[in-house]
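Q: I am new to this structure and would like to learn how to read it, feature by feature. Could you take me through it slowly?

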Amino acid sequence: MFKLTSNVTRIQPPPISEVRDWLAESAQRRAPLIDLCQAVPDYPPAPDLLERLQAALNDPQIARYTPDEGLPDVRESVSRWYARRYMAGPSASEICLTIGASQAFWLAMTLLCQAGDEVLVQSPAYFDHPMGLQALGVKPVYISYDPENPEPDFERLSALVTEKSRALLLVTPSNPTGYQLSAASIRQLFSFCSEQKIALVLDETYNAFADGVPHSLFADPKWSDTFIQIASFGKTFSLTGFRAGALVAGREVIRQALKVQDSMAVCQPRLTQLAIQYGCDRLDQWVIENAGMMRRRHDLFCQTFLQAGNRFELAASGAFFAWVRHPWPQLDSRQAARKLLDEADMISLPGAAFGPDLDSYLRLAFGNIRGEEIPEAIARLVALG
Ligand SMILES: Cc1ncc(COP(=O)(O)O)c(C=O)c1O
């Protein structure tokens, strides 16, 4: 048989598929499953957005390619959305619509890195990032995790930069910890990366759920010399299956990115572009209400979690996630997640999926379940502990 590249064969399996496989092979449920596995808003898209898309299906144009970077008027709508969310933002020509944030990440990394290069990533890292880097032959260099101090430690960061470093890649609010970097820290990280001549790449998939204005980088006339943003509208408008993302970067970066875009995807589907446009033009209030609901869900989760008798420990939380320490030192995180499934009919993600030395953690994505289910979820954890 032909040989597959070890760049790929040595990567861990996709963690969510791994957990879903456990589910398929595990015994019958004793109680209804509580799914804290994948970070997906549990609510449907706005009904008026779906109506708009239904009407669009009658137009034969819907089945056609668009320009590689997306339709100009859709990118104008996205640009205006940024101006409202960030109080400043990219112009339409600084936006390339992509197949989810996932493809924007691949565009960014393909543009920045070649095999043998290094990218600094948070620990815990969003698992798809190290997985993608490894597939490209790029080394993810983990910034060690200090749960007591999640803000950047510049001494530690400086020590990790080498002549092979190409980017500092961060997720804010973080998946899996939910931690939102402050605007001031992001500014400092920008200056740091600018001095080091590496790119600051922020994955802001959860920006609609962030508190306040996420940062002010776009107000800097020279933002695009250092900054690249990976964006998703999947969580914002509850359209994860539409694969609604964007790469936001300087014009020259976008111009180069289109060479990869053309060979990788050609363009984001037209229907997705119309969905994004409708969301950006019409759904500010809908997004604010859902973000508010998610914040209340977060508060309820944390409050209930901290009740007496729960031996799990809340290490961090925010956006859609609680990052918790499980109470079984003798178990690694995969065994702990398996125990949650076998004994409490709950699925979660093992800490080890997010990087080395994280076996004492689990990620619980409460964004996936309704507020009414939270007390039952926590009661099951308490019963287990
Ligand atoms: C941090 C982060 N980036 C990117 C993605 C993927 O986003 P998309 O569905 O837009 O590709 C996710 C999905 O959960 C995520 O958590």
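**Two domains and a ligand shell**

A: Let us begin with the domains: in this predicted model, the C-alpha centres of domain 1 and domain 2 lie 26 Å apart. Domain 1 is made up of residues 13–44 together with 286–384, while domain 2 runs over 47–282.

Q: How many residues does each domain bring to the contact?

A: In general, the size of an interface is often given as the accessible area lost when the parts come together. Here we can count residues instead, and the contact takes 24 from domain 1 and 22 from domain 2.

Q: Which elements supply the side of domain 1 that touches domain 2?

A: At least two residues each come from α11 (284–305), β9 (313–318) and β10 (321–325), and β9 provides the largest share, with 4 residues. Sorted by class, that side of domain 1 holds 19 nonpolar, 4 polar and 1 charged residues.

Q: What does the chain as a whole contain in helices and strands?

A: The chain has 13 helices and 13 strands. Its radius of gyration is 21 Å, close to the 21 Å that the globule rule gives for 385 residues, so the chain is as compact as a globular protein of that length. Of those 385 residues, 45% count as buried.

Q: Which residues come nearest to the ligand?

A: Among the 13 residues around the ligand, the nearest are G100, A101, S102, N175 and S232. Helix α5 (residues 100–112) gives the most to this shell, with 3 residues, and the shell as a whole divides into 4 nonpolar, 8 polar and 1 charged.

Note on methods. Residues are numbered from 1 along each chain as its sequence is written. This is a predicted model: local features need pLDDT of at least 70, side-chain atom pairs count only at pLDDT 80 or more; totals for chains, interfaces and linings use all residues. A residue is near a molecule or strand if its C-beta atom, placed from the backbone, lies within 6 Å of it. Ala, Val, Leu, Ile, Met, Phe, Trp, Tyr, Cys and Pro count as nonpolar, Asp, Glu, Lys and Arg as charged, and the others, Gly among them, as polar. The radius of gyration is taken over C-alpha atoms; the globule rule is 2.2 Å times the number of residues to the power 0.38. A residue is buried if 20 or more other C-beta atoms lie within 10 Å of its own, exposed if 12 or fewer, and partly exposed in between; C-beta atoms are placed from the backbone. Domain bounds come from an automatic or database domain assignment. Two residues are in contact if their C-beta atoms, placed from the backbone, lie within 7 Å.
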